[in-house]
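User: I would like to go through this model and ask, term by term, what justifies each description.

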Amino acid sequence: MLKTFKLGGVHPAENKISEDKKIEVLPLPKIAYIPISQHLGAPAKPLVNKGDAIKVGQQIAKGEAFISANIHSSVSGKVQKVDTVIDASGYKRTAVVVQVEGDEWEDGIDRTRDIKRDITLSQKEIIAKINEKGIVGLGGATFPSHVKLMVPDGKKADVLIINGVECEPYLTSDHRLMLEMGEEMMIGVEILKRALGVNRAVIGIENNKPDAIEHLSKIAKNFSGIEVQGLKVKYPQGAEKQLIKAIINREVPSGKLPIEVGAVVNNSGTAYAVYEAVQKNKPLIERVVTITGKSVKNPGNFMVRIGTPVSELIEAGGGLPDDTGKVISGGPMMGKALNSLEAPIVKGTSGILIMQEEEAARKQVLNCIRCSRCVSVCPMGLEPYLLEKVVMFEDFERTEKERVMDCIECGSCQFTCPANRPLLDYIRLGKNKVGQIMRARAKK
Amino acid sequence: MNDVIIFSVASLGAIGIAASVILYFVAQKFKVIEDPRIDLVEGALPAANCGGCGFAGCRAFAEASVKQAEDKSNLEGLNCPVGGNDVMAQVAEILSLTVEEQDPLIAVVRCNGSLANSPKKASYEGASSCAFAHNLFSGEGGCPFGCLGLGDCVKSCAFDAIFINPETGLPEVNDKCVACGACVEACPRDIIELRPKGKKDRRIFVSCVNQEKGGPAKKNCDVACIGCGKCVKVCPFDAITLENSLAYIDPEKCKLCRKCVPECPTNAIHELNFPERKPKLVVAGNEEKPARPAVKADAEAVKIADTREVKKGTDPIPEEKAAETPKSVEKDDPASTGNSEETKEN
């Protein structure tokens, strides 16, 4: 039986153009820009200096804070400089710039495609390994995985949920990964189960990927305690809280983490990265990235080394089309438009979407007619039209009271608004301001 | 019938008298004794309620002033930027206190990243709010410190003193500015600063807040401060400091000598309301370069901008010619004269 979450949600056109394209390996870039902050939390501290020769897989930055992650080199060569480069945020952030020479790997990394099934490490060793190899959540939020796996005292996890939903239109990287590396991913799920100490894992997959559901169900028969759950197609089902509601019908309280209801959610891509780190000793240095768009000549899925400039991936996709309006890092709903094509692919980049001019242009903003469509589609039960108004009038006390911090920024409200109002823009501004106020209050 | 009228008038009258007696005693009992000077001071204030003094409004400022009169003999720390020295003198007179004259301030926009100087590299069509755009990206021109041009400062101004110039895409401050500081608060990039108005409205300031090193700063904007330090060396009053590759002119130390202005290789230092430079200055600054016929020409024709061009080494003669040609056109062609008059009226 197909499940889904109850409250809100929208159905954007799927446009999964690249879903039949097998994962290809993208050639190495000439210069790699590896940012030292590719995760949520404190930036890592660079360990290399200008002129150092480095190998693939060598640690080049250390995550020192509690919420931080290590960074490893994805290429071999010489460190050109440690300087600021424009990243996907449009701001300049510190990155290690590497002049690529050859493809020389650090010792001890198993690069074969042989599947290693036996899990020899203990719970603590697994978490230490995941920390060491810099694994972060690959769904987009890039929360360091080892932190997620350390269940705080007094809480208990009883179910692991694997997110294979990929509800964003256009993106197909998780879909291809589940089809082509299903076996490895499943071992990764087993490792995550062991790290959390749970007996049950559920893989949630939307029903627009019947091949992936079938494939993984077949593999899951060889594993105990792993089930595959088909889900109705609805955006934003891939959001953590919505997925928990859909699969195990538990509601995460406002302002709390999923562990509150005994669940931990990890992306299918993360499960694969965990497999590679634990079984093959390979740090997170490459990921599957979709290059897609209606005008793209050769849309596809590529295994890309972290730090490759977006422009090289676009070349592999057949070059930048003439009618390009926006180049978006991520999907059309939650992705972010790039303002430089030299921005590097980072751990959280699941796709590069090239939108046509017509498709990308914002429509004329009209007055709000209080139709409350935004209210009915909000998966968090908020009132986006009201939040927009109170943020506009800078009434941040009211904004906080209206629970702006619960917004998951899925963009359903703005997608559905018949007056084309920039609802999410203002809500994001409100979240930012209220966040500042709350932090200032906490300091007192 | 008459009885009814008499009865109602009498009873209502009795209630009225009783109520007035009660109200009289209540009013006496709960009388709020307020210093009458608060009303007087408030009357003297401009009633803009802008908050530029740091209080919630003019009434709050008046209360604070009267309170200060009880403890101190001067109005130190209190200033109404809108009213200026005249209003503060009146307030001081009412409270029989002393007040120090303060230099009037004005908001100064420290960014010259106009559409020409910092061409668009991206186009933004989201919510029209600088605060939001600042969180989202570095700006259409690419400078992560520069003006976003979406007008949060314009919205914050209660005095109609700041406007976005559509040609440059940058805010401009006019004479109505009272230095209340609302725009300084509103700007998410701290571009606007309150600086002394200066004698005869003359001001010199670095019109840039970019803290990047020279190369990256210049890449996004032709007129960015590149932190070369030339102005620091030339300043005879030690008024210029260089921090994070950005020069800052301390208005308290600056004596408005203008020596730094022609030194700046990117024209990032602005001078406002100064008379045109005498040609002597130009010769003194460029002695080693001999080819300089423009300098000998009519002093008024050589504008400040031209002297900068000369410094860069371009041939100034064509410019001089260009300056002359429109004059002759104006004389000959009545249509163009009409146009120029029209623009004046506008």
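Analyst: A suitable place to begin is helix α3(A), whose buried residues are S173(A), D174(A), H175(A), R176(A), L177(A), M178(A) and L179(A). Please bear in mind throughout that this is a predicted model.

User: What makes helix α3 of chain A count as mostly covered?

Analyst: A residue is called buried if 20 or more other C-beta atoms lie within 10 Å of its own. In the helix spanning residues 173–180 of chain A, seven of the eight residues are buried, and the helix is accordingly described as mostly covered.

User: Why is E409(A) called partly exposed?

Analyst: E409(A) has 14 other C-beta atoms within 10 Å, and because a residue is buried only at 20 or more and exposed at 12 or fewer, this value falls in between and the residue is partly exposed. E409(A) sits in the loop between α12 (396–401) and α13 (412–416) of chain A. Beyond its neighbours within four places in sequence, E409(A) has contacts with M334(A), L424(A) and R428(A). C378(A), 31 residues away in sequence, has its C-alpha 9.9 Å from that of E409(A).

User: What is the largest nonpolar core, and which residues have the most contacts inside it?

Analyst: The largest nonpolar core has 101 residues, and those with the most contacts within it are I34(A), I161(A), M185(A), V274(A), L313(A) and I352(A). Helix α4 (residues 182–196) of chain A supplies the largest share of this core, eight residues. Another core, of 90 residues, lies apart from it and includes C58(B), V66(B), A179(B) and I269(B). As for V274(A), when residues up to four places away in sequence are set aside, V274(A) touches I130(A), I135(A), S145(A), G188(A), I191(A) and L192(A).

User: How do you know that β2 and β3 of chain B pair, and in which sense?

Analyst: Two strands pair if there are at least two bridges between them, and because β2 (residues 162–165) and β3 (residues 170–173) of chain B share four bridges, they meet that condition, in the antiparallel sense. Within this pairing N165(B) stands opposite L170(B) of β3(B). The two strands β2(B) and β3(B) form a hairpin with four residues between them, and G169(B) in the turn has a positive phi of about 75 degrees.

User: How many residues of chain A and of chain B are in contact, and what classes make up the side of chain A?

Analyst: Eleven residues of chain A are in contact with twelve residues of chain B. Helix α14 (residues 423–443) of chain A gives the most to the side of chain A that touches chain B, with five residues. By class, that side of chain A has four nonpolar, three polar and four charged residues.

User: How is chain B divided into domains, and how many residues of domain 1 are in contact with domain 2?

Analyst: Chain B is divided into domain 1 (36–94), domain 2 (105–274) and domain 3 (292–336). The C-alpha centres of domain 1 and domain 2 of chain B lie 32 Å apart, and six residues of domain 1 are in contact with seven residues of domain 2. On the side of domain 1 that touches domain 2, the residues divide into four nonpolar, two polar and no charged.

User: Where does the predictor's confidence stay low in chain B?

Analyst: Over residues 282–346 of chain B pLDDT stays under 50, and the model has 45 contacts beyond four places in sequence for them. Chain B as a whole averages a pLDDT of 80, with 80% of the residues scoring at least 70, while the model scores ipTM 0.80 and pTM 0.79.

Methods. Residues are numbered from 1 along each chain as its sequence is written. Chains are lettered from A and ligands numbered from 1 in the order in which they are written. This is a predicted model: local features need pLDDT of at least 70, side-chain atom pairs count only at pLDDT 80 or more; totals for chains, interfaces and linings use all residues. A nonpolar core is a set of buried Ala, Val, Leu, Ile, Met, Phe, Trp, Tyr and Cys residues joined through C-beta atoms within 7 Å. Two residues are in contact if their C-beta atoms, placed from the backbone, lie within 7 Å. Domain bounds come from an automatic or database domain assignment. Ala, Val, Leu, Ile, Met, Phe, Trp, Tyr, Cys and Pro count as nonpolar, Asp, Glu, Lys and Arg as charged, and the others, Gly among them, as polar. pLDDT is the predictor's confidence in each residue, from 0 to 100.
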